Structure formats: C-alpha cells, structure tokens
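This note is addressed to a colleague who is meeting the structure for the first time. Please read the points below with the sequence and the model at hand.

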Amino acid sequence: MGTADINPFWYGPAGGTLVDRDAEIAAVVDALSNAGKLFLLGDRRFGKTSILAVGGDEVAERGVAVLRYDAEVCETIEVLAGAIAAGATQLFAASVDRAGELARRFFAPVRPTASYDLSEQRLTIDFDLTSEQRRRPVLVLATVLDGIEQLAATHGRPTAVVLDEFQEVITEGGDRAAHQIRAVVEPHRYVGYVFAGSRVRFLTELSADPSCPFWKFGKLRYIGAIPRGDFRPFVRRGLESAGCVVEDAAVERVFDLAEDVPYNVQWMSGTIWDTVRLVHLQTLTATTVNAVLDRILDQAHASYMLTWVNLTNAQRRTLKAIATAFGEDFRLTEVAGAHALAPSTMQRTLAALEDRSLIRRAASGTGVRWSLGDPFFAHWLARVQVQA
Ligand SMILES: Nc1ncnc2c1ncn2[C@@H]1O[C@H](COP(=O)(O)OP(=O)(O)O)[C@@H](O)[C@H]1O
Ligand SMILES: [Mg+2]
C-alpha cells in the first residue's frame, strides 16, 4: 500500500493541489493576462483565495507583473493602497535606489516616500495626503491603480491586480466607492483585474441592474462546492496514504460532517490522517471519523466559544435555529415564532450573520436554505448544549 510521510491534506493560506477548479483558474488567467475584469464570488472556505493563488502564479510565470492583495488584512484602504503601491514599485523599479524616484513619478498625487528595509528586503511607501484624500481614501486607491496603468503602459509590461475580499473596499470606502473604482478601472488597457469576495449577495447586487455601479462592468463567476464525485477520489487516496484500509462509509461521513465545504473536508481529512499515523489504525470506519470530529471540536473549542459569546441574543437564537434545521427550507415566520423572535428581527439578524460569514445561503427549489458558514460550528453547538 502506498504510504506517504507528509500529510497530503492542507487547509490554510499555503496552497496545495486544487481539485476541480480548472475552469475558474482559466477564467482568472484570462482576465489577468488580457486586461480583463472578473468578479470571483463565493462563500468563505470554498476556495477563492486558492484559485487566485494558482491563477496568479501561472500568469506571473509568463512574465505578467502580478499584484495580489487581500483587502481584509489591511486595516484601512490607505494601508491597502500603500501596500499595492510598494508592490508595484518593487516590481517595476530597476533597482532599490530608483524606487523613490519611480514612486514619485507614477503616484505623484499622493506624494509618496519610499523606504527600504535592508534586513527584510522590503519596500515601504508612505503617502503625504491632503485632508480631502484622507476623507476619501478610495481616491488614494484610485490614484495608485491609475499609476499602475501608467507604469504598465510605460514599461510595455502586462500587469495584473488581484484584490481579494474586495467588498471591504466598497464598505469602508462609503457611498461612492463603487462608482469611483469603476470610473478609474474601466478605461485601463494594460492592467487586468480580478476582484474576489465572500459577500456574494452584496457584490452581486452591485451589478444587478443598469442603475448599479458595477452593471456590465466585468464578468461574474460564482464558486460553489466541489462535486463529491471529483473530491472523493482525492480524499480517499490521501487517507489511504496514511497506511490504512478506508471504508466507503468513512469517506461519505467526512463529506457529510463537513457538508462538502472544501476547507472542512480538508481539515477533517488532515486530522484523520494524523490520527491514523498516531494510533497505527488499520481500518478507517465511519465511527473513527466521528471520533476525529470530537477531537477537532476540542481543539476549536476556545475559538467557537469566543465567537458564540460575542453574538447578541437574537443572533444566538437564529444561529441555533439554522444549525438544528439543517437541509430544510427556512420559513422565516415559522422559525421566528418558534424562537420567540419577531420576523423582522430575525430578518435583520440573518443579514448581520450573513455579512459576518457565520451563515451562508443556498437556494433550494422552493425557497432559501441556510447553513452555518463553518459546519463544525453546528456540531460544536449541538455538543456543548447537550453537555450543558
Ligand atoms: N479546489 C480545491 N481542492 C481541494 N481543497 C480546496 C480547494 N479549494 C479550497 N480548498 C480547501 O479549502 C480551504 C479554503 O480555501 P480558500 O481558498 O482559503 O477559500 P476562500 O478564499 O474562498 O475562503 C483551503 O485551504 C483548502 O483546504
Ligand atoms: Mg479567501
């Protein structure tokens, strides 16, 4: 039996092999290498960032200057704009000595200063902003993106900008942010853009009709679940590589407990793999998979508890209603009544939970279905509340 020494499963920012995302990767590659505009939308944990990484690396290998940033990790749009400006300067400046000069030339309206940290080998760009620019940081970002278009045009080098969790820019940037981004990006001919986001509905609505800021602005692509038929062989082979016999029911249990969410499938599989090695397990059964879930819930206990205690009372009740009604259509009035909430309160609470990716929606033939963003959170809730 083929055994491996390294756990083949991965969950987290560092990428591994992607199952079944060729069409999405191709769409990213196309937008980035042909100055296109693509919106990549999907619930958290379904694989957007992974697709961006693979697509971005692929075009970078072909010589495209790729600037990939996550808007969510930056505390402000100004910080994001600074990071992008520094990345662009580092890619285009012939040497570190020329970085300041290049930044001043291409990002003049935000009066940049470049500094280089020799030990970290990192370029930092600081802006000297007017009060108007401070008030409207999207204009700072717009200036940087325009500068990148000029850089690309001047150097004759195809360039790509990838903005992950793009909704942050729109929500932080206020009222006119979406219009301002569109106005600056639309005429660009040398830079390809991919905007990715987890707030699917929010971003979709921005291009819903001709009155919306992103109407016919770019292509729209949704990331859904990986079909089980494609994911199953990957999981089975990986589990077998730990050196045990894998029963069919065990593999199905992994997908059922993880509700087919790619992150959770990998998390669970990776933990099973370690367990098989640790206890020299001979045969993996569905019962062993259940035991591994308990181990995961123990490890994640503190973080789930922290999430739970930071919810409002109405949010807790709504979350629990969803966790216990998994797979059923959500009849708002009925559920609200059963949990002693006014339907309008529950409606607002659903929106707030969705904004925080604590819940995700799935359309069903007959209505809307909700599930927890992290299916293990539902298992945790069921467990601690039984013990309480
Ligand atoms: N195509 C895929 N094949 C296998 N695992 C995947 C795939 N896409 C995502 N995953 C798993 O899901 C995790 C979360 O993916 P990520 O790209 O960070 O999602 P998102 O950015 O949409 O939140 C990854 O770390 C990986 O474990
Ligand atoms: Mg992501």
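1. A definition comes first: helix axes are lines fitted to C-alpha atoms over the stretch in contact, and angles run from 0 to 180 degrees between N-to-C directions. The model under discussion is a predicted one.

2. On the first helix pair: the axes of helix H11 (residues 248-257) and helix H13 (residues 286-299) come within 7 Å and cross at roughly 35 degrees. This crossing of H11 and H13 is right-handed. From H11, the residues Ala249, Ala250, Arg253, Val254 and Leu257 take part in the contact, and they meet Ala286, Val289, Asn290 and Leu293 of H13. By class, the contact of H11 with H13 comprises 7 nonpolar residues, 1 polar and 1 charged.

3. On the second helix pair: helix H3 (residues 77-92) and helix H6 (residues 137-155) have axes that come within 8 Å and cross at roughly 10 degrees. Angles under 35 degrees count as roughly parallel, and H3 and H6 are therefore roughly parallel to each other. The crossing of H3 and H6 is left-handed. H3 contributes Ile77, Glu78, Ala81, Ile84, Ala85, Ala88 and Phe92 to the contact, while H6 contributes Pro137, Val138, Val140, Leu141, Val144, Ile148, Leu151, Ala152 and His155. The residues of this contact of H3 with H6 divide into 14 nonpolar, 1 polar and 1 charged.

4. On the sheet: 5 strands form an open sheet in the order S2-S5-S6-S1-S7, and their pairing is parallel. Strand S2 (65-70) and S7 stand at the edges with a single partner strand each, so one side of each has no neighbour in the sheet. Direction ignored, neighbouring strands of this sheet are turned by 15 degrees against each other on average.

5. On the pairing at the S2 edge: S2 pairs with strand S5 (residues 159-164) in the parallel sense over 6 bridges. Within S5, Leu163 is the bridge partner of Tyr69.

6. On strand S1: which strands does S1 pair with in the parallel sense? One partner is strand S6 (residues 191-197), joined to S1 by 5 bridges, and Lys37 stands opposite Tyr193 in S6. Strand S7 (residues 219-222) is another, paired with S1 over 4 bridges, and here Leu38 stands opposite Lys219.

7. On the burial of S1: is strand S1 (residues 37-41) mostly covered or mostly open? S1 is mostly covered, with 5 of its 5 residues buried. Both faces are covered: Lys37, Phe39 and Leu41 are buried on one side, as are Leu38 and Leu40 on the other.

Note on methods:
Residues numbered from 1 in each chain as written. Chains lettered and ligands numbered in written order. Predicted model: local features only at pLDDT ≥ 70, side-chain atom pairs only at ≥ 80, totals over all residues. Heavy atoms only, no water. Buried < 20%, exposed > 50% of the residue type's maximum accessible area, 1.4 Å probe, protein only. Helix = DSSP H or I, 4+ residues; strand = E, 2+ residues; numbered from the N terminus. Pairing = 2+ DSSP bridges. Left-handed = near helix turned anticlockwise from the far one by under 90°. Contact = heavy atoms within 4.5 Å. Nonpolar A, V, L, I, M, F, W, Y, C, P; charged D, E, K, R; others polar. Parallel < 35°, antiparallel > 145°, perpendicular 65-115°, else oblique.
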